[in-house]
Amino acid sequence: MEKKCIGIDIGGTTVKVGIFELDGTLLKKWEVPTRKEEGGVSILPDVAESIRKVLKEENIELADVVGAGMGIPGPVLENGYVEVCVNLGWRDMNPQEILSGLLDGMPIRSGNDANVAALGEMWQGGGKGYSDIVMVTLGTGVGGGVILNQKIISGKHGLAGEIGHIRIREGEKEHCNCKGRGCVEQVASATGIAREARRAMAAKTDESMLRQFGDVVTAKDVLDCAKAGDALALEVMDTVSYYLGWALAMVSMTVDPELFVIGGGVSKAGTFLTDLIQKYYEEFTPISENKAGIALATLGNDAGIYGAARLILD
Ligand code: ZN
C-alpha cells in the first residue's frame, strides 16, 4: 500500500486530524473534541484512539503511516518539549513523545500552530510552489509564521514570526495581550479593526454606514462598508493597512521572503484587503521592485493539518 502521513492540529475546542498521501493529497479529515479537564491529560489518548479507529475504517495499517506532525497552540521547543500551553492546560511535557508512545512508536514531530499553518500554506496553499514565505494570520489576534528554504524558522526562543507583537504605533494607551502597547495585533486583528472603527465613530460626527452597528461593530462590518465606499470605514481600513504595510516592509527588509501569505478571518475580504496593504507596502519599500508579493491564504482552517503533515516529511 502507498505510504500515508497524518497531520494533527490541536486547538482549544477541537483537534483536527487529516490523513494525507505523501504528495499532499488530503484523503480524509475529521475532528476530535479537545477535553481540557485535568490539565488536558485526555487530549493525546483521545487523538491516538481516534486515529487508530479511522485508520482501521480506511483499511490503512499503522505501519503504512510514515509519521504524524502536530501543531500545538503555544511555544514548542526543537525537541518537542512544551513548558506551558495555557490553552490546553499542558505543562512540562513532551506531547510528541507521548503520542508516539500511544501509536506504537510512530514518528511524531510538532511545532507551534501558527508556524505549522504557514508551512501548510507553503506546501499546498497560497504559497504553493514557493520555498520562502511569511504568513500573517489576521484573526482574533495576529499570528505569523516564517518559512525559509521550506523550513519553519521558530528562532532561539520561539519568538520568530510573532509579527502581531511588533511594536508599530506610538501613543497607544491600551495594553496588548503581550503586555505591550502599540502592537500590530492591536490595530490589524479582527478585534483591533473593530476597536479602530469604534474610535473613529467616537472621534467624528460624520454620517457613516458603520453607525448602524454601534459598539458591536465587527471587522467584517468595517470591510463590507469600506467595500461599499463608506468614507469612515475606508479611513479605518487605511489606518489598518498603513500599519500592516509598514510591518510587512520591516519583515521584508529582515528576511526578504518570496511571498507574504495573508490568512485568517479578516483575509476573507480578499484582494480588496491585499490591495490596500500593497499600497503602503510599496510606499515603505522603495528600495527595489524585486521583493515579496502579497497573496491570500487558500487553505482556511485546514492549513494546520496540511502543515503538520508536511512537518513529518522532512
Ligand atoms: Zn502585543
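In this predicted model, the largest nonpolar core is built from 42 residues, and those with the most contacts inside it are L138, L210, V222, M237 and L273. Several helices and strands give two or more residues to this core, namely β8 (133-138), β9 (142-148), α5 (184-188), α6 (190-203), α7 (219-227), α8 (231-255), β11 (259-263) and α9 (271-283). Helix α8 supplies the largest share, with eleven residues. A second core, separate from this one, holds 30 residues, including I10, W30, L44 and V47. A general tendency helps to place such groupings: in soluble globular proteins, nonpolar side chains tend to be buried together.

L138 offers a good place to look inside the largest core. Setting aside residues up to four places away in sequence, L138 touches A188, L244, I262, G263, G264, G265, V266 and L273. Of these partners, L273 is itself among the residues with the most contacts inside the core.

The strands β8 and β9 can be followed next. They pair in the antiparallel sense over six bridges, and a hairpin of three residues joins them. Within this pairing, I133 has I147 of β9 as its bridge partner. Strand β9 is largely enclosed by the rest of the structure, because five of its seven residues are buried. On from there, β9 also runs antiparallel to strand β10 (residues 151-152), to which it is joined by two bridges. Here the bridge partner of L148 is K151 in β10. The hairpin formed by β9 and β10 has two residues between the strands, and N149 in the turn has a positive phi of about 50°.

The zinc ion comes next. Its protein donors are H165 (ND1), C176 (SG), C178 (SG) and C183 (SG), which lie 2.0 to 2.3 Å from the ion. Along the chain, these donors follow the spacing H-x10-C-x1-C-x4-C. The arrangement is tetrahedral because the four donor atoms subtend angles of 103 to 124° around the zinc ion, and these fall between the limits of 85 and 135 degrees. Two of the cysteine donors can be contrasted in their surroundings: C176 counts as buried at 7% relative accessibility, whereas C178 is partly exposed, with a relative accessible area of 37%.

Finally, S100 lies in helix α3 (residues 95-102). This serine counts as buried, because its relative accessibility is 15% and the cut-off is under 20%. The side chain of S100 reaches the backbone oxygen of M106 at 2.8 Å. Apart from neighbours within four places in sequence, S100 is in contact with G105, M106 and I108.

Definitions and conventions: Residues are numbered from 1 along each chain as its sequence is written. This is a predicted model: local features need pLDDT of at least 70, side-chain atom pairs count only at pLDDT 80 or more; totals for chains, interfaces and linings use all residues. Side-chain values use heavy atoms; hydrogens and water are left out. Donors are N, O and S atoms within 2.8 Å of the metal (3.2 Å for Na, K and Ca); water is not among the atoms, so sites may look incomplete. Four donors count as tetrahedral if all angles lie between 85 and 135 degrees; four count as square planar and six as octahedral if opposite donors are over 155 degrees apart and all others between 65 and 115; anything else is irregular. Buried means under 20% relative accessible area, exposed over 50%, partly exposed in between (1.4 Å probe, protein chains only). A nonpolar core is a set of buried Ala, Val, Leu, Ile, Met, Phe, Trp, Tyr and Cys residues joined through side-chain atoms within 4.5 Å. Helices (H or I, at least four residues) and strands (E, at least two) are DSSP runs, numbered from the N terminus. Contact means heavy atoms within 4.5 Å. A polar contact is a pair of N or O atoms within 3.5 Å; within protein, one must be able to donate a hydrogen and the other to accept it, and residues adjacent in sequence count only if both atoms are side-chain atoms. Two strands pair if DSSP finds at least two bridges between them.
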